[in-house]
Amino acid sequence: MVSLASLWLPIVVSAVIVFLASWIVHMFLPHHRSDFAKLPQEDAVLEALRAWDIPTGQYLAPYANTPAQMKLPEYVEKRKRGPALFLTLVTGSDPGMGKALLQWFVYLLVISLFAAHLAGDAIPAGAPYPAVFNFVAVAAFMAYALGHAHQSIWYRQAWSTTGKYFIDGLIYSLLTAGVFGWLWPR
């Protein structure tokens, strides 16, 4: 068993490398530019939302929060007529990227911490690079990629978008595994 304390360096280094890789993926590669579409009559939609002063949050329309409400004729009719809406609304001025980037980095540290915990329990010190790489790559891929499928299953995110996140997750997990294999205690 390898202690978490002895894995602090690969935890931090892998988080930094994945942070930089994610910056490259999202700033310079074009594959995420089509993840969202522009609303028709965007200005009118935004003006209407401003007028209603809806607070930041996630919304669903038509809305029903119990199975009984989903059976009401009014709800059934709204669903038949369509459209349905899944909306994440952010109000106020430009929120900036600082808080989100900090949260992203902490998230990367947490994924590396969990990968380290699993690998430390399963792989002895001095294990060969391929053994560490394979184990950490699978653990990190589960964290970075597999959680995106539910967005397509439940919230109608395009499967092509989910596939792009799988590719990103594969890149991030291979980088994480490479760092752990390189810095694994001998």
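In which helix is V25 found? V25 is found in helix α1, which covers residues 8–28. The model described here is predicted, and this report goes from V25 to the overall fold, the nonpolar cores, and then some backbone details.

**V25 and its surroundings**

V25 has a relative accessible area of 4%. It is therefore classed as buried, since that is under the 20% limit. Not counting residues within four places in sequence, V25 contacts H31, H32, D168 and Y172. The pair V25 and D168 is separated by 143 residues in sequence, yet the C-alpha atoms are 7.6 Å apart in space.

**Overall fold**

The protein contains eight helices and two strands. Read from the N terminus, the order of elements is α-α-β-α-α-β-α-α-α-α. Its radius of gyration is 21 Å, whereas the globule rule gives 16 Å for 186 residues, so the protein is more spread out than a compact globule. The C-alpha trace spans about 65 × 40 × 25 Å along the principal axes.

Of the 186 residues, 27% are buried. Among contacts with a separation of 6 or more, 76% are between residues 24 or more positions apart. The exposed surface of the protein comes to about 12400 Å², and 69% of it is supplied by carbon and sulfur atoms. There are 12 positive and 10 negative charges, and the mean positions of the two sets lie 7 Å apart.

**Nonpolar cores**

Which residues touch the most other members of the largest nonpolar core? They are L7, I123, V132, V136, F180 and W184, in a core of 15 residues. Helices α5 (98–122), α6 (129–144) and α8 (159–183) each contribute at least two residues to this core. The largest share, four residues, is from α6. Apart from this core lies another one of nine residues, including L108, I111, Y144 and Y172.

W184, named above in the largest core, has a long list of partners. Setting aside neighbours within four places in sequence, W184 is in contact with V2, L7, A119, G120, I123, P124, A125, G126, A127 and V132. Two of these partners, L7 and V132, also appear with W184 among the core members that touch the most others.

**Residues of α5 and α8**

W104 is part of helix α5. Its relative accessible area is 26%, so W104 counts as partly exposed. Beyond four places in sequence, W104 touches F19, S22 and Y172. Y172 is also a contact of V25 and a member of the nine-residue core. W104 and A149 are 45 residues apart in sequence, with 19 Å between their C-alpha atoms.

S173 belongs to helix α8. Is S173 buried or exposed? S173 counts as buried because its relative accessibility is 1%. Outside the four nearest places in sequence, its contacts are A137, A140, F141 and Y144. Y144 is listed in the nine-residue core as well.

**Backbone details**

Most residues other than glycine have a negative phi, and most peptide bonds are trans. The entries in the table depart from one or the other of these patterns.

| Site | Backbone value | Location |
|---|---|---|
| A61–P62 | cis, omega about -5° | P62: loop between β1 (57–61) and α3 (67–70) |
| G82–P83 | cis, omega near -5° | P83: loop between α4 (73–81) and β2 (85–89) |
| D53 | phi near 50° | loop between α2 (42–52) and β1 |
| R156 | phi near 65° | loop between α7 (149–155) and α8 |

Neither D53 nor R156 is a glycine, and both have a positive phi. D53 counts as exposed because its relative accessibility is 67%. R156 is exposed as well, with a relative accessible area of 58%. For the cis bonds, P62 is in the loop that follows β1 and leads to α3, while P83 is in the loop between α4 and β2.

Methods. Residues are numbered from 1 along each chain as its sequence is written. This is a predicted model: local features need pLDDT of at least 70, side-chain atom pairs count only at pLDDT 80 or more; totals for chains, interfaces and linings use all residues. Side-chain values use heavy atoms; hydrogens and water are left out. The radius of gyration is taken over C-alpha atoms; the globule rule is 2.2 Å times the number of residues to the power 0.38. Buried means under 20% relative accessible area, exposed over 50%, partly exposed in between (1.4 Å probe, protein chains only). Contact means heavy atoms within 4.5 Å. Accessible areas come from the Shrake-Rupley method with a 1.4 Å probe; for residues, only the protein chains shown count as cover. Lys and Arg count as positive and Asp and Glu as negative; His and the chain ends are not counted. The place of a charge is taken as NZ of Lys, CZ of Arg, CG of Asp or CD of Glu. A nonpolar core is a set of buried Ala, Val, Leu, Ile, Met, Phe, Trp, Tyr and Cys residues joined through side-chain atoms within 4.5 Å.
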